[in-house]
Amino acid sequence: MGSHVPQLDLMRLVQPFGVTIDLAEGTMRSPDKHQVRRASVMRGYYADQEALERLIAERGDPVHYETFEKHVPEEYGHLVFGLTQLQPGVVGEECFMTKGHYHTVAGTSEIYVGLRGQGYMLMKTPPDAQGRSQCVAEPLVRNRLVYVPPYWAHRSVNTGDEPLVALYVYPGEAGHNYGDIETEGFPKRIFKVQGREVIR
Ligand code: F6R
Ligand code: ZN
């Protein structure tokens, strides 16, 4: 009987580790990778482009959102995880959001666990032959897990008054395809009109 235990490639063996995450605050201790996205990277994403230019000019290109990660190889077999923190605010009346992306390996999924703040995970399918996409806004709040199935593009949107913080986990080989969302956009946008959330 041959062994079913795969041969270990000791050169590629990653050591187990732990990381301290404050689930109430939504912070990670000593991240290896900290990515900062400022408002200016969102040019072309919001409906009211002039309002975005005013925000950039008046507030000195403020931080829009950040991610914090521990180093994990971005390859099959690993799980990449981290925290995403999206600032509160509006561009015109449209709530602050992330760029959004499909995964390059389109058949990979992701989970988000809401830790702090209030918002949505906006998800859409690629357009069909008639150019139509399905679009779903799933609440992303504390104590709620959102499952992003394979093929769905995803973007988080902050509708609250404090940072929207979530923990995410996705397969290491997934990769990020921003280009298609840059051209397609999402069929729905989320606004705050006189203090009320409007999805249209
Ligand atoms: C990873 C993922 C999140 C986002 C993060 C920033 O697959 O979905 O880590 O990357 O919330 O948003 P984007 O990538 O849209 O700029
Ligand atoms: Zn993703």
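Hi everyone. A polar contact here is a pair of N or O atoms within 3.5 Å, and I start there since ligand 1 will need it. Please keep in mind that this is a predicted model.

So, ligand 1. At Thr84, a polar side-chain atom lies 3.2 Å from one of the ligand's oxygen atoms, so this pair falls within the 3.5 Å cut-off. Gly100 contributes through its backbone: an N or O atom there is 2.8 Å from an oxygen atom of ligand 1. Then there is Glu110, with a side-chain N or O atom 2.8 Å from an oxygen atom of the ligand. How much of ligand 1 does the protein cover? Of the 390 Å² of accessible area that the ligand has on its own, 96% is covered.

Where does ligand 1 sit? You'll find it in the largest pocket. Around it are 15 residues, and the closest are Tyr65, Gly100, Tyr112, His176 and Tyr178.

Now hold on to Glu110, please, as it takes us to the metal. The zinc ion, ligand 2, is coordinated by Glu110 through OE and by His101, His103 and His154, each through NE2. Those distances run from 2.0 to 2.3 Å. Along the sequence, the spacing of these donor residues reads H-x1-H-x6-E-x43-H.

And which geometry does the zinc site have? It is octahedral, with six donor atoms and angles among them of 72 to 173 degrees.

One last look at two of the zinc-coordinating residues: are His103 and Glu110 buried or exposed? Both are buried. So Glu110 is a buried residue that coordinates the zinc ion and also has that 2.8 Å approach to ligand 1. Thanks, everyone!

Definitions and conventions:
Residues numbered from 1 in each chain as written. Chains lettered and ligands numbered in written order. Predicted model: local features only at pLDDT ≥ 70, side-chain atom pairs only at ≥ 80, totals over all residues. Heavy atoms only, no water. Donors = N, O, S within 2.8 Å, 3.2 Å for Na, K, Ca; no water. Tetrahedral: all angles 85-135°; square planar, octahedral: opposite > 155°, others 65-115°. Buried < 20%, exposed > 50% of the residue type's maximum accessible area, 1.4 Å probe, protein only. Near = heavy atom within 4 Å. Polar contact = N/O pair within 3.5 Å; in protein donor to acceptor, adjacent residues only side chain to side chain. Areas by Shrake-Rupley, 256 points an atom, 1.4 Å probe, with all protein chains shown as cover. 1 Å grid on protein atoms, 1.4 Å probe; cavity = no way out; pocket = protein on both sides within 12 Å on 5 of 7 lines; lining within 4 Å. Sits in = over half its atoms within 2 Å of the grid points.
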